[in-house]
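Please walk me through this structure, starting from single side chains and ending with the aromatic rings. I would like to know what each chosen residue touches and where it sits.

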Amino acid sequence: MSENIAKTKQGGLAGIIAGESKICTCGLGNGLNYYGYDIKDLAANCEFEEVAYLLNRGELPNERELIDFRRVIKAQRGLSKELKDLIRAVPKSANPMNLMQLVVSALGALEPEKDNFSNQNEKIARLLGVLPSALCYWYHWVSYGEEIEFNTDYESIAGYFLSNLRQKEPKEDYIKALNCSLILYAEHEFNASTFTARVCASTRSDIFSAVAAAIGSLRGPLHGGANEAAMHLIESFDSVEDAIIGVNNMLERKELLMGFGHRVYGVGGDPRNAIIKEWSRKLGGDTDLFKVSEAIEMVMKDKKPNLPPNADFYSASCYHFMGIPTDLFTPIFVLSRVSGWTAHIKEQRANNKLIRPNSLYIGPEPREFVPMGERK
């Protein structure tokens, strides 16, 4: 048995190199980097559109390139009548991730990509522009029965989304915090949803099918739903004392606490956590909710030092302080990660080979067929 096949027995392809990429490194001893740029530098100095440009072009934009890129995205925010009709047909009981997947699939039918992929950059801009609109439109329709009038004044995706979600001018700190979060969530190497996108793209399928497939993977609670689960955990405690007792009891029962630990980073911890925690502190550091969050982190640090918080844990309270409903947390992940997914789709296409791994067979040995009348 080869070494690689032996490693698959760990499950989940742990430790297996599944391809090459120039886009991102994470968990390799130098933190998290997009095209060589440290996530700390990007989060401190960039706006999300700069990072989206970097991921899809390989270089940070100059001032003129950024203005043009934003102009193109802004022009792609509109919802056609057909999209609005589809969105209004999605009931309130639906998971918002299925709404996002529906919109992307519909775009593939209504506004198809060319077979030779020559307009892929246009379609990437369309996704970056339209997904915030679709989410806000659906939220207001199912929550209030209203078709919103979109505020198109904001150049940034963060400002545009918040202003239309809340239907009022967002605080500047809210825009900055969401902008930072979008940067932190934009890309993360061969995670489940990105790998799904690359597998789909390797069949030479269209960009909308590949992104829709990625959304399906992100919908699962073991990938994209951790921030929502973390919020439910935090809100389940009334005080710091209650949180300390409750988390200790959960650990004694060997329950899983979402928002802690990471498949890639391990003991070293997720470098995104400290960044988003500071934004959560800035927006709500004097609230009981933030204090409960820190109490949970403290208990975990004491009892499970090998499971430090990841980016999802304080993203939860950060979004909450902005007034974002909890069930929209993971769809916001989509608004960000679509930049990384599409970067990987482009990279896969540029040097494509069908992704078709083998499995390690563990079923029965070859056996004789038994006719129906002789089966017991």
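Which backbone oxygen lies 2.7 Å from a polar atom of the side chain of T342? It is the backbone oxygen of V338. This distance, like every other value below, is computed from a predicted model. T342 lies in helix α17, which covers residues 329-350. The side chain of T342 also makes a polar contact with the side chain of N56, at 3.4 Å. With neighbours within four places in sequence left aside, T342 is in contact with N56, I124, L127, I207 and V211. The relative accessible area of T342 is 1%; the cut-off for buried is under 20%, so T342 counts as buried.

A second buried polar residue is N179, with a relative accessible area of 10%. N179 is placed in helix α9, residues 172-185. A polar atom of its side chain lies 2.6 Å from the backbone nitrogen of F48. F48 is also among the residues that N179 touches when those up to four places away in sequence are not counted; the others are C46, E47 and A158. N179 can be related to a distant part of the chain as well: S336 is 157 residues away in sequence, yet the two C-alpha atoms are 9.4 Å apart in space.

The next stop is a pair of annotated positions. The UniProt record, an unreviewed entry, carries the annotation "active site" for H262 and D312. These positions are spread over 51 residues of sequence but cluster in space, with a largest C-alpha distance of 10.3 Å. H262 is found in the loop between α13 and α14, whereas D312 has its place in helix α16. Their accessibility can be read side by side. H262 has 26% relative accessibility and counts as partly exposed. D312, at 10%, counts as buried.

The surroundings of the two annotated residues can be listed with sequence neighbours within four places left aside. H262 is then in contact with H188, D270, R272 and N310. For D312, the contacts are Y185, A226, N227, A230 and G259.

Helix α15 comes next. What end-to-end distance should its 16 residues, 288-303, span? At 1.5 Å a residue the expected span is 22 Å, and the end C-alpha atoms are 22 Å apart, which agrees. The buried residues of α15 are L289, F290, V292, S293, A295, I296, E297, V299 and M300. E297, a glutamate, is thus listed among the buried residues of this helix. The buried residues of α15 pack against four helices: α12 (226-235), α13 (240-252), α14 (271-284) and α16 (311-321). The last of these, α16, is the helix in which D312 has its place. F290, one of the buried residues of α15, also belongs to a cluster in which ring pairs link it with F260, F313 and Y314.

That cluster leads to the aromatic rings in general. How many aromatic pairs does a search of the whole structure find? The search finds nine. One of them joins Y139 and Y144 edge-to-face, with 6.1 Å centre to centre and 90° between the planes. Y139 counts as buried at 11% relative accessibility, whereas Y144 is partly exposed with a relative accessible area of 48%. The pair of F150 and Y160 has another geometry: the ring centres are 6.3 Å apart and the planes are at 20°, so this pair is stacked. F150 lies in the loop between α7 (120-144) and α8 (157-166), and Y160 lies in helix α8, so the pair ties together parts that are ten residues apart in sequence. F150 is partly exposed, with a relative accessible area of 24%, while Y160 is buried at 2%.

Rings also meet charged side chains here. The charged end of R77 sits over the ring of Y160, 3.9 Å from its centre. Y160 therefore has both a stacked partner in F150 and a charged end placed over its ring. A further case is R349, whose charged end sits over the ring of F117 at 3.6 Å from the ring centre.

Note on methods. Residues numbered from 1 in each chain as written. Predicted model: local features only at pLDDT ≥ 70, side-chain atom pairs only at ≥ 80, totals over all residues. Heavy atoms only, no water. Phe/Tyr/Trp six-rings, centres within 6.5 Å; stacked < 30°, edge-to-face > 60°. Buried < 20%, exposed > 50% of the residue type's maximum accessible area, 1.4 Å probe, protein only. Helix = DSSP H or I, 4+ residues; strand = E, 2+ residues; numbered from the N terminus. Lys NZ or Arg CZ within 6 Å of the ring centre and 35° of its normal. Expected span 1.5 Å × (residues − 1). Contact = heavy atoms within 4.5 Å. UniProt positions renumbered as here; feature names shortened; annotations may be inferred. Polar contact = N/O pair within 3.5 Å; in protein donor to acceptor, adjacent residues only side chain to side chain.
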